[in-house]
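Hi everyone, thanks for coming. I'd like to walk you through one protein model today, so please get it up on your screens and follow along.

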Amino acid sequence: MKNKKKIIISNRLPIQIERKKDKLIIKPSTGGLATGLNSAFDSSEILWVGWPGIVPKDDAEEEKITELLKPMNLLPVFLSKEEIRNFYEGYSNEVLWPICHYQPSYIHFDREYWSTYVAVNKKFCETALSIPQSPDFIWVQDYQLMLLPQLLRQENKELNIGYFHHIPFPSEELFMNIPQRKELIEGLLGADLVGFHTFADSQNFLNSCKKILNVPCGHNQLKHKDRHIFIESFPMGIDYDKFVHASSLPEVNAIATQFRSHFPDQKIIISVDRLDYSKGILERLRAFLTFLEKYPESHSKVVLYMLIVPSRDKVSQYKKLKDEINRKVSEINSIYGNLSWTPVLYFYKSLPFEELIGLYLASDICMVTSTRDGMNLVSKEYIASNTRSNGVLILSEFAGASKELVDALIVNPYNRTETADCIYQALIMSPEEIHERSEANRQIIQKFNVQHWVRLFISRLAETKAIQRDEWARRISDKVFSSIAERYRKSHNRLFFLDYDGTLVKFQNHAQKASPTVLLYNLLDSIIADPLNTLVIISGRAQESLSTWFDGRSYYLVAEHGIWSNFPNFNWAYKKGLALHWMPEVKKIMEKLADQTPGAYIEAKPYSLAWHYRKVELGLGELKAAELKEILNPMLNDYGLQLLDGNAVIEVKNTEVNKGKAALEIAGHIKADFLLAIGDDITDEDLFKYLPQSTISIKVGSNKSAAKYYLDQQEDVLQFLNQLIIKQ
Ligand code: GDG
């Protein structure tokens, strides 16, 4: 297994194994993922880890299977019948599948399910890590293996891990119902890049992270256990060329012609799904019934041909669904069918690939009515196969594909009348319109094919790793600390600029509660105990707060981002000539929004106004802050104001003041040979930018910053300062 550097881990290996009279027959099954991977990499570089789909009779057979799979670069994870029952059928398909498909009432939970899910994920982890070499990357696939990224990470911090979720990710309200929600989220956050089919799914996941872990999140990333993890959408495509090629084959066209000949006077509506409640099969039948009721002129002129691939028949919900489908089909056919016309033809089987393409090619309409679907590849395959672009796609708005194939007839499958009308619209659509819509969809499917999908995901994974490395390089490691300490030791005139909230003290829900602790006073006093040191506390706070806490000590203080300062003689003075006429109007706007937002409050400082939303419900605060910014933005230029988008605060003040200008003025007088600036907020960026290049600038938190270095959290600042002054 040498040189196998790109590891794919999925629940199932891309093969079918059959046992025929003690002989094992292995057939490769090239799904989209395998095709995409083979086009992006040399196949000998890829190693696939997964369940081979068979329970070996004994150890000897297990060994035999392992040996047979080795030349195919496949590494099997063997599961017992009980593990398959509890891990796959149980936790994966009776808990995660229904919750991710918005069907919480279908959840069935047994005690053994979770412990087996954990144990099997561990089994996959052990197998993947049994490979002696460290891989380029490990790409984990799908919801059966949600714990695996974190398990792999625990074993090796350096790994480059991607995860792709092939099914929808539910809204956080729903996801919160899972008892093991925290473990699952943390499991996925072992990855460096977590991918979903749609933007909405990625946002749902981020919202769950925010709620469950209480961490701040960006639009596409969050920080967890020292790593920035990217959460993005990568809509999966199909092997476009394969479908186009297949539809040009004479044997496929012969199948299509023969299939058509069974319905000389009818238009054919095709549907292809695995048996699953998420595919909206019953909803489709109900809509078709409504269509027949509403449009009697279509009787005998259309057939619905449903191909349903057997799936998960051991799960009780699926058995029930099959019975219901049978009943519904019989009902429709008995009401409307006659000797020469059966409205619904229903087949519970799987067809060879060529036959499937033949069906796609022969059908006038393809109907996809999923009530939830991660992507739905059938919709893309139908368009790709119909190279003459003469087929209509009816596509559920709840399938991920509907976000890309916007030129399909998009329906809400729960709305029977709307869906019935859509069927009618498809039947009477002009060939020109059919062609136009189909071509527009084809362009998307052709470009965003599965090869593109694999390349995009893998290159983004590499980028993610590069961003993380960059970030780690800026972090104050032991080595970086030693060099700072060395500079400190050798210097003779040192100037410290320290921000207050979020830097010297933790954020508090109410600003007035964040008073200095005895420990902090001691630390600051020790800094200035050295006659070579000058200390400036530079804050956005009102002068009164800083005055109450620090007057009488030999620290210089800068308040309201530079409006007030006690430099150079410890007497407070404010920047003269600042205009204040804007204040009543801005205050009124802020008050209006605070009245609409429980928890929001205004801090009115003599020369600036701050709208705080730290205590507002998560999400609502950000929304209202955005609204406030939108209202204030057009006024800023006219009044000569700036808006600072801080940590749960929006602050408005005069453009003439900022921390950078204030600090530079002080630095100009002190002429220090050791300049240190530490801050956590957006307003500290001015500090980092204005001070000279030689300044040791440190950001608290690793978000994008002009600072040279960063420390992870507020507590680290105190430790850093303590060490710096004690080390002398
Ligand atoms: C999951 C997500 C997401 C079906 N019948 C036959 C046959 N098929 C093939 C189709 C298609 C595949 O099965 C079904 O793919 P879907 O995407 O439609 O649905 P799921 O199986 O539920 O897949 C889904 C997908 O993962 C990928 O991320 O899109 O949302 O639920 O390729 O062609 N193939 C053959 N004979 C059949 O009778 N040969």
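Let's begin at the ligand, with Leu377: one of its backbone N or O atoms is 2.8 Å from an oxygen atom of the ligand. Keep in mind as we go that this is a predicted model. Met375 makes an approach through its backbone too, with an N or O atom 2.8 Å from a ligand oxygen. His197 uses its side chain instead: a polar atom there lies 3.0 Å from an oxygen atom of the ligand. How much of the ligand does the protein cover? On its own, the ligand has 730 Å² of accessible area, and the protein covers 80% of that.

Now for the wider surroundings. The ligand has 21 residues around it, and the closest are His166, Leu351, Asp373, Leu377 and Glu381. Sorted by class, this shell holds 12 nonpolar residues, 5 polar ones and 4 charged ones. Which helices and strands each supply at least two residues of the shell? They are strand S11 (267-274), strand S12 (302-309), helix H13 (353-362) and helix H14 (377-385).

Let's zoom out to the domains. The assignment gives domain 1 as 6-233, domain 2 as 240-447, domain 3 as 475-575 + 657-727, and domain 4 as 583-654. So where does the ligand sit among these? It lies between domain 1 and domain 2, because both of them give residues to the shell around it. Further along the chain, look at domain 3 and domain 4: their C-alpha centres lie 26 Å apart. Between these two, 19 residues of domain 3 are in contact with 16 residues of domain 4.

Next, a couple of individual residues. Find Cys125, which is part of helix H4 (residues 111-129). Is Cys125 buried or exposed? Its relative accessibility is 6%, so Cys125 counts as buried; the cut-off for buried is under 20%. If we leave out neighbours within four places in sequence, Cys125 is in contact with Leu148, Leu151, Leu152 and Glu155. You can also compare sequence and space here: Cys125 and Leu147 are 22 residues apart in sequence, while their C-alpha atoms are 9.4 Å apart.

Thr290 is our other example, and you'll find it in helix H11 (residues 281-294). With a relative accessible area of 13%, Thr290 is buried as well. Not counting residues up to four places away in sequence, Thr290 touches Arg416, Thr417 and Ala420.

Let's finish with some backbone details. Tyr102 has a positive phi of about 60°, although it is not a glycine. Tyr102 sits in the loop between helix H3 (81-100) and H4, and at 26% relative accessibility it counts as partly exposed. Lys671 is another non-glycine residue with a positive phi, this time about 55°. You'll find Lys671 in the loop between helix H23 (659-670) and strand S26 (674-679). Is Lys671 buried or exposed? Lys671 is exposed, since its relative accessible area is 64%.

One last stop: the peptide bond running from Phe567 to Pro568 is cis, with omega near 5°. Pro568 is in the loop between strand S20 (564-565) and strand S21 (573-574).

That's my tour, so please do ask me anything.

Definitions and conventions: Residues are numbered from 1 along each chain as its sequence is written. This is a predicted model: local features need pLDDT of at least 70, side-chain atom pairs count only at pLDDT 80 or more; totals for chains, interfaces and linings use all residues. Side-chain values use heavy atoms; hydrogens and water are left out. A residue is near a molecule or strand if one of its heavy atoms lies within 4 Å of it. A polar contact is a pair of N or O atoms within 3.5 Å; within protein, one must be able to donate a hydrogen and the other to accept it, and residues adjacent in sequence count only if both atoms are side-chain atoms. Accessible areas come from the Shrake-Rupley method with a 1.4 Å probe; for residues, only the protein chains shown count as cover. Helices (H or I, at least four residues) and strands (E, at least two) are DSSP runs, numbered from the N terminus. Ala, Val, Leu, Ile, Met, Phe, Trp, Tyr, Cys and Pro count as nonpolar, Asp, Glu, Lys and Arg as charged, and the others, Gly among them, as polar. Domain bounds come from an automatic or database domain assignment. Buried means under 20% relative accessible area, exposed over 50%, partly exposed in between (1.4 Å probe, protein chains only). Contact means heavy atoms within 4.5 Å.
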